[in-house]
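Biologist: I would like a close look at a single part of this model, taken slowly enough for a first-year student. Please choose one strand and follow its residues outwards to whatever they meet.

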Amino acid sequence: MRPLILILLAGSLIACQRLENVGKVPGMTPVEDGDEFFAMNSAAMPDRLNRQTPAQEASLWSGTRGSLLGDRRAMGRGDILTVVIEIDDKAEISNTTGRSRSGSDKMGIPNLGGIPQRIDRHMPDGASMANAYETNSSSSYQGDGSVARKEKLTLRVAATVLDRLQSGVLRIQGSQEVRVNYEVRELLVSGFVRPEDISRQNEITYDKIAGARISYGGRGQITDVQQPRYGQQVADVLLPF
């Protein structure tokens, strides 16, 4: 009885939370609460302690990031780079398996010095030793399987360098939210990149991100309708049929 009460209370709480969103647009995540804002708001450790003289810093040919020929690619904590996601995958797999087997066996003693005829007299009606036994067997198996998948996704998102590891690899993370009417589309990107893989345009493609985690989804009225009710999900898990 107690588990049933707990389930009903949990369902009531979920229902109350859903009722609070009736007639309201889905809220967006504050940017100040993410790791990206923290990385950009905190100062990173300097690469070197010795500072250049004012004359060297003012030169256009010094090679620093602020100079004319400086490298403006993301290379430190808090820097921003663009992640280009262009996924166009297509996979088709088809398998066919077939197996067949049949067998028959028949044995009889029609004539053996009249012995079968003498034995037939003492057997029940319809029984005869002329056909001692006869068996037939057959089995067949056939299986077909196919997989057809096609995915195409083209996106661009700004990511922030969260940290620079001791090996020089950059840990990046990016998020993007777009709200259209009552639906929020979310894009999340995270992973590890090498500074030398970042192009001169300060861009990097998704296939050069190690441990890439890309999530593209949404929340709102359309996503809510596409999901089955909580009771139906629980029933699908618990019911054995």
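Modeller: What follows starts with the whole chain, then turns to one strand and its surroundings.

The model is predicted. The protein chain holds 6 helices and 6 strands. Read along the sequence, these elements come in the order α-α-α-β-α-β-β-β-β-β-α-α. Of the 241 residues in the protein chain, 17% are buried. The accessible surface of the protein chain is about 18,700 Å², and carbon and sulfur atoms account for 54% of this surface. Among contacts between residues at least 6 apart in sequence, 66% join residues at least 24 apart.

The strand to follow is β4, which covers residues 183–193. Just before this strand comes the loop between β3 and β4, where asparagine 181 is placed. Asparagine 181 has a positive phi of about 55°, although it is not a glycine. Is asparagine 181 buried or exposed? Its relative accessibility is 63%, so asparagine 181 counts as exposed, the limit being over 50%.

Glutamate 183 belongs to β4 itself. Here the relative accessible area is 7%, so glutamate 183 is buried, the limit being under 20%. What does the side chain of glutamate 183 meet? It makes a polar contact with the side chain of arginine 185, at 3.4 Å. Setting aside neighbours within four places in sequence, glutamate 183 is also in contact with Pro26, Val178, Gly218, Arg219, Gly220, Gln221, Ile222 and Thr223.

One name in that list, Arg219, returns in the next pair. Glutamate 186 and arginine 219 form a salt bridge, with their closest N and O atoms 2.5 Å apart. Glutamate 186 lies in β4 and arginine 219 in β6, so the salt bridge ties together parts that are 33 residues apart in sequence. Glutamate 186 is partly exposed, at 23% relative accessibility. Arginine 219 is partly exposed too, with a relative accessible area of 25%. Side chains of opposite charge can pair when their charged atoms come close.

A search of the whole structure finds 8 salt bridges. Another of them joins arginine 194 to glutamate 196, with the closest N and O atoms 3.9 Å apart. In this pair, arginine 194 is partly exposed, with a relative accessible area of 44%, whereas glutamate 196 counts as exposed at 54%. Salt bridges with shared partners also join Glu177, Glu186 and Arg219 into one network. A further salt bridge is made by the side chains of arginine 149 and glutamate 151, at 4.0 Å from N to O. Arginine 149 is partly exposed at 48% relative accessibility, and glutamate 151 is partly exposed at 38%.

Next comes the nonpolar side of the picture. Which elements give two or more residues to the largest nonpolar core, and how many residues has that core? The core has 17 residues, and those with the most contacts inside it are Leu81, Val83, Ile85, Ile172 and Val189. Two or more residues come from each of β1 (80–107), β2 (133–164), β3 (170–180) and β4. In soluble globular proteins, nonpolar side chains tend to be buried together.

Two residues named in the core lead to further contacts. Leucine 81, not counting residues up to four places away in sequence, touches Ala74, Val157, Ala158, Ala159, Val161, Ile172, Ile198, Asn202 and Ile204. Valine 189 leads to arginine 213: the two are 24 residues apart in sequence, yet their C-alpha atoms are 5.6 Å apart in space. Arginine 213 lies in β6, residues 210–220. With the same sequence neighbours left out, arginine 213 touches Leu188, Val189 and Ser190. Its relative accessibility is 57%, so arginine 213 counts as exposed.

After β4 comes the loop that leads to β5 (203–205), and asparagine 202 is found in this loop. Asparagine 202, one of the residues touched by leucine 81, has a positive phi of about 60°, although it is not a glycine. Is asparagine 202 buried or exposed? Its relative accessible area is 15%, so asparagine 202 is buried.

Last, a nonpolar patch on the surface. Phe37, Met40 and Ile80 make up this patch, which covers about 260 Å². Phenylalanine 37 lies in helix α2, residues 35–41, and is partly exposed, with a relative accessible area of 34%.

Notes:
Residues are numbered from 1 along each chain as its sequence is written. This is a predicted model: local features need pLDDT of at least 70, side-chain atom pairs count only at pLDDT 80 or more; totals for chains, interfaces and linings use all residues. Side-chain values use heavy atoms; hydrogens and water are left out. Helices (H or I, at least four residues) and strands (E, at least two) are DSSP runs, numbered from the N terminus. Buried means under 20% relative accessible area, exposed over 50%, partly exposed in between (1.4 Å probe, protein chains only). A polar contact is a pair of N or O atoms within 3.5 Å; within protein, one must be able to donate a hydrogen and the other to accept it, and residues adjacent in sequence count only if both atoms are side-chain atoms. Contact means heavy atoms within 4.5 Å. A nonpolar core is a set of buried Ala, Val, Leu, Ile, Met, Phe, Trp, Tyr and Cys residues joined through side-chain atoms within 4.5 Å. Patches are made of residues with over 30% relative accessible area and no salt bridge: like charges are joined within 9 Å, nonpolar side chains (Val, Leu, Ile, Met, Phe, Trp, Tyr) within 5 Å. Accessible areas come from the Shrake-Rupley method with a 1.4 Å probe; for residues, only the protein chains shown count as cover.
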